[in-house]
Amino acid sequence: MEPATILAIETSCDETAAAVVIGGREIRSNIVASQIASHRRFGGVVPEVASRHHMENIVPVVAEALEVAGLSFYELDAVAVTYGPGLVGALLVGLAYAKSLAYALDKPLIGVHHLLGHIYAGFLQYPELPLPAVCLVVSGGHTNLVYLESHTRRRILGSTRDDAAGEAFDKVARVLGLPYPGGPELEKLAREGDPRAVSFPRAWLEEGSLDFSFSGLKSAVINYLHHAQQTGAEVNPADVAASFQAAVVEVLVTKTIQAARRFNACSILLAGGVAANGFLRREMAAAAREAALPFFCPEPRLCTDNAAMIACAAYYQYLRRDFAPLDLNAIPDLPL
Ligand code: KG4
Ligand code: ZN
């Protein structure tokens, strides 16, 4: 395979990220400037604030990515950028920068789908990952079961009908009084709790459905806390966190294994920010082992938003000359 050197830029939400990856697997740099501190006091991402931070960060973050990689702009073979889905103002910052750079260097521009980036974090670490695979992509904005037949053919088998898994983690963390972003905080708290303490509902939906729903579970947690408050019953927040996490993970794992069996997948891939969750990783690994299916999950820093995963997805597009025009626009609801 051609060892193309790709600079990738990712600004779809609240991380300004740039990375240099060679040949889709050798990470020369992977810089992530997080805006968590700025959004924390609002309890969530404020789109306008995110755009402004991206504007301030994009130049130094790209400069650092090249410096750490020990390369100059002129050694790049292509410039890749996330063009959706995400916050439109945030996406536009990365996109304007990437287009200008590609134009100035006269190198191809590669537009990457953010969720495809999450999936390719798997190929970044495991280029030989056996296909067809069933991939569970769980992030703050999306929850999808994807059948990956090849690098150009894929199909969505199931999606969430309401909240994304990460969104449910964040909302429940908020009602438990945990700071933003709630997912990792909730996982920490859950370690001290009993996952069997409270029996929260699991939304299996219709027989055989590979879709998800987490809003009922979120309401059940809120109602449980309300009821306790009204009756003066004692609440152990760690037990609530552990029981909530167990309910989410049980549904995610069960449906992923069902999908892999039904579609005769050769492997299971777990991806997206929520895939950084240790409990989910362990439960999925155990279930895959029991089903005799090879299981892959990128290391946690490659699961949450970063640009190395975008560079890897871009590499496979580069190999088939899937380049974008210089008038590429941001598409906030870009379908997979
Ligand atoms: O993929 P990602 O970094 O950004 C999006 O594309 O949305 O995912 C962020 C989501 C957030 O909802 C965050 O709370 C969740 O992933 N998350 C976690 C953990 N780490 C990140 N959820 C549960 N446990 C974690 N350890
Ligand atoms: Zn993401």
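**Exercise 1. State how many residues of helix 5 are buried, name them, and find what they pack against.**

Step 1. Of the 11 residues of helix 5, 8 are buried, so the helix is mostly covered. Here a residue is buried if 20 or more other C-beta atoms lie within 10 Å of its own, exposed if 12 or fewer, and partly exposed in between, with C-beta atoms placed from the backbone. Helices (H or I, at least four residues) and strands (E, at least two) are DSSP runs numbered from the N terminus.

Step 2. The model is predicted: local features need pLDDT of at least 70, side-chain atom pairs count only at pLDDT 80 or more, and totals for chains, interfaces and linings use all residues. Residues are numbered from 1 along each chain as its sequence is written, while chains are lettered from A and ligands numbered from 1 in the order in which they are written.

Step 3. The buried residues are Ala165, Gly166, Glu167, Ala168, Phe169, Asp170, Val172 and Ala173.

Step 4. They pack against strand 6 (133–138), strand 7 (143–148), helix 6, helix 7 (215–231) and helix 8. Two residues are in contact if their C-beta atoms, placed from the backbone, lie within 7 Å.

Step 5. After helix 5 comes glycine 177, which has a positive phi, near 80°.

**Exercise 2. Describe the shell around ligand 1 and say where the ligand lies with respect to the domains.**

Step 1. The shell holds 20 residues, of which Gly140, Gly166, Gly183, Gly273 and Asn277 come nearest. A residue is near a molecule or strand if its C-beta atom, placed from the backbone, lies within 6 Å of it.

Step 2. Helix 5 (165–175) and helix 6 (182–190) are the elements that give two or more residues to this shell. Helix 6 provides the largest share, 4 residues.

Step 3. By class, the shell has 6 nonpolar, 11 polar and 3 charged residues. Ala, Val, Leu, Ile, Met, Phe, Trp, Tyr, Cys and Pro count as nonpolar, Asp, Glu, Lys and Arg as charged, and the others, Gly among them, as polar.

Step 4. Because domain 1 (5–118 + 303–319) and domain 2 (131–293) both give residues to the shell, ligand 1 lies between them. The domain bounds come from an automatic or database domain assignment.

**Exercise 3. Work out how domain 1 and domain 2 meet.**

Step 1. The C-alpha centres of domain 1 and domain 2 are 28 Å apart. Their contact takes 12 residues from domain 1 and 15 residues from domain 2.

Step 2. On the side of domain 1 that touches domain 2, helix 1 (36–40) and helix 4 each supply at least two residues. The largest share of that side, 3 residues, comes from helix 1.

Step 3. This side of domain 1 comprises 5 nonpolar, 5 polar and 2 charged residues.

**Exercise 4. Locate the annotated binding site and describe the surroundings of its histidines.**

Step 1. In the unreviewed UniProt entry, the annotation "binding site" covers His114, His118 and Asp305. These residues are spread over 192 residues of sequence but cluster in space, with a largest C-alpha distance of 8.9 Å. UniProt positions are given in the numbering used here, feature names are shortened, and annotations may be inferred rather than shown by experiment.

Step 2. Histidine 114 is in helix 4 (residues 114–125), and histidine 118 lies in helix 4.

Step 3. Histidine 114 counts as buried because 26 other C-beta atoms lie within 10 Å. Histidine 118 is buried, with 31 other C-beta atoms within 10 Å.

Step 4. Leaving aside neighbours within four places in sequence, histidine 114 contacts Ser12, Thr82, Gly84, Pro85 and Gly86. On the basis of residues beyond four places away, histidine 118 touches Val137, Ser139, Ala271, Gly272 and Met309.

**Exercise 5. Describe the largest nonpolar core and two alanines, 314 and 259.**

Step 1. The core has 111 residues, and Ala8, Ala18, Ala19, Ala80, Ala311, Cys312 and Ala314 touch the most other members. A nonpolar core is a set of buried Ala, Val, Leu, Ile, Met, Phe, Trp, Tyr and Cys residues joined through C-beta atoms within 7 Å.

Step 2. Helix 8 (residues 237–262) gives the most to this core, 14 residues. Domain 1 and domain 2 each contribute at least three residues.

Step 3. Not counting residues up to four places away in sequence, alanine 314 touches Ile6, Ala8, Ala78, Ala80, Ile110 and Val112.

Step 4. Alanine 259 lies in helix 8 and is buried, with 20 other C-beta atoms within 10 Å. Beyond four places in sequence, alanine 259 touches Val134, Leu145, Leu157, Gly158 and Leu210.
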